Amino acid sequence: MSSAIPSISHSAAPVVRVPPPMAMLAELTHRCPLACPYCSNPVGLTPGDEELSTEEWIGVFSQAADLGVLHLHLSGGEPAARRDLVELTRAAVSLGLYTNLITSGVGLTEARINDLAGAGLDHVQLSIQGVSPEGADRIAGYRGGYERKMAVANWVAATGIPLTVNAVCHRQNMGEIDGMIELAIRLGARRIEVATVQFHGWAERNKAALLPTREQVERATRTVAAAREKYQGVLVVDYVPADYYSKYPKACMGGWGRVGLNVTPSGRVLPCHAAETIPSLTFQTVREGTLSEIWYESDAFNAYRGDAWMPEPCRSCERKHIDFGGCRCQAMALAGDARATDPVCIRSPLRERLTRETNQLSATPSATLHYRGR
Amino acid sequence: MNADAPAISGMSVVKLARGVRLHEDPIRGQPVLLAPERAMALDDIAVAIVQALDGKRSLDQIADDFAAKFDAPAAEIAGDVRAFVEELANRRLLEIVA
């Protein structure tokens, strides 16, 4: 009966055949009261009047369910900025989608959370920016945000909906990881995501202020390992390490066009949230094609599937089906070529230069934060 | 702060936590256990165990019921059920009822 231990299907065997998507991130809006400098939204934010309507979003959810999507992430911007959030949630749940709300908490009231629970919301992922009101609100650029998040966590706990705390870590709060893990437990979370900042969108603009030092990263890795042991069965600790200090790149998105897709507020369908930084690709919207056509047939989704597109050193690398050559958008940003080996890889010809620049940047940090949307 | 995870034993009574559910996936033609950021493909035996976690019977009772139903050694089944349930508990997918 030991064969009863299930495998996680997110890590399916590498095959060229295109599997149906497991997950969809719906960026319902780019509007957000917070202004976090680490935000991964694009620098060119979509205005509110270009957002898909309620009916259009429900149509997209329905197509996603038919296509094989299991997890739907309602995200943003701040999804609570959509007045139809409860209606969208109810529709998604009725389609059988596992519905997750990714929120800053700002814009949610106790009554609204109860309505979301009544609509069948499966899971809430609440961001925190730090463990003290002053520090957290400074990063978020929003006074009172921390206190509101604490209230939201309690309201969510009262409904019984499982809570994940999401903490993006960077130079300015990397010393608080222990505290954030303890805070997550106090708030009744079952899970915390400790994710080191990735340099896309607004975060890229703030690299000089947010890039952690090597010492910070090494300490964070030890802290996470100790917390996993200490809190086993109490809190699941998921960790995204700092890839600038890694030997190999991350398996970005579990491979391009392989596991999930992203729909922007105006309905553009992307393989990942930063994909629009690759100028050679054109992306269709849900008004121009069905999700199925876009997932299986569009040039953009097929651009980096399989391994035929890979140049050396990826092409002959034994890790090419483990990390898929890393992140295409990071290759674009750092190497100027989306097909290039992700420059964080020790086999990239650009790795030495990146290490030099990383050391230099982290030794002379900037104190200036460029707030999102301001 | 509640930092101690309750240990799983044969006397434990558990059920799936809120936000964890069995889903019949028509596209892939297999049952999956859906949970926060997780989708686990389950085989027939895993499905049978998950369905038996009713929040009423203890793990030993469930194993005894399986042993009678499938005419298999109870001790072996009890060990396998517990190993599977411990894995689910470590991932915070269960509510420990007793």
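# Cavities and the interface between chains A and B

Student: Into which classes do the residues of the lining of the largest cavity divide, and how many fall in each?

Tutor: In this predicted model, the lining of the largest cavity is made up of five nonpolar, two polar and five charged residues.

Student: Which residues line the largest cavity, then?

Tutor: From chain A the lining takes A:His123, A:Pro162, A:Leu163, A:Thr164, A:Arg190, A:Arg191 and A:Val236, while chain B contributes B:Pro36, B:Arg38, B:Arg91, B:Arg92 and B:Leu93.

Student: OK, and how much space lies in there?

Tutor: The largest cavity holds about 100 Å³ of space, and the structure has four cavities of 30 Å³ or more.

Student: What about the second largest cavity, which residues line that one?

Tutor: Its lining is drawn from chain A and includes A:Cys314, A:Cys317, A:Cys345, A:Arg319 and A:Asp323. By class, that lining has five nonpolar, two polar and four charged residues, and the space in the second largest cavity comes to about 80 Å³.

Student: Switching topic: how many residues of each chain are in contact?

Tutor: On the chain A side 47 residues are in contact with 38 residues of chain B, and the area buried between the two chains is about 3,500 Å², with carbon and sulfur atoms giving 58% of that.

Student: Why give it as an area?

Tutor: The size of an interface is often stated as the accessible area that is lost when the parts come together.

Student: And how many salt bridges are there across the interface?

Tutor: Two are found between chain A and chain B. B:Arg38 forms a salt bridge with A:Asp238, where the closest N and O atoms are 3.7 Å apart, and B:Arg38 also appears among the residues that line the largest cavity.

Student: Now pockets: what volume does the second largest pocket have?

Tutor: The second largest pocket has a volume of about 410 Å³. Of the 20 residues lining this pocket, those closest to its centre are A:Gly233, B:Pro6, B:Arg92, B:Leu94 and B:Ile96. The elements giving two or more residues to the lining are α3 and β5 (94-96) of chain B, and by class the lining has 10 nonpolar, five polar and five charged residues.

Student: Last thing, where in chain B is confidence lowest, and where highest?

Tutor: The mean is lowest in helix α3 (residues 74-90) of chain B, at 92, and highest in strand β1 (residues 14-16) of chain B, at 97. Chain B has a mean pLDDT of 91, with 96% of its residues reaching 70 or more, and for the complex the predictor gives an ipTM of 0.91 and a pTM of 0.93.

Notes: Residues are numbered from 1 along each chain as its sequence is written. Chains are lettered from A and ligands numbered from 1 in the order in which they are written. This is a predicted model: local features need pLDDT of at least 70, side-chain atom pairs count only at pLDDT 80 or more; totals for chains, interfaces and linings use all residues. Side-chain values use heavy atoms; hydrogens and water are left out. On a 1 Å grid over the protein atoms alone, a cavity is a set of points where a 1.4 Å probe fits but cannot get out, and a pocket is an open set with protein on both sides within 12 Å along at least five of seven lines; lining residues have an atom within 4 Å of a point. Grid points are joined across faces, edges and corners, and a volume is the space filled by probe spheres set on the points. Ala, Val, Leu, Ile, Met, Phe, Trp, Tyr, Cys and Pro count as nonpolar, Asp, Glu, Lys and Arg as charged, and the others, Gly among them, as polar. pLDDT is the predictor's confidence in each residue, from 0 to 100. Helices (H or I, at least four residues) and strands (E, at least two) are DSSP runs, numbered from the N terminus. Contact means heavy atoms within 4.5 Å. Buried area is the accessible area (1.4 Å probe) that two parts lose on being put together, summed over both. A salt bridge is a side-chain nitrogen of Lys or Arg within 4 Å of a carboxyl oxygen of Asp or Glu.
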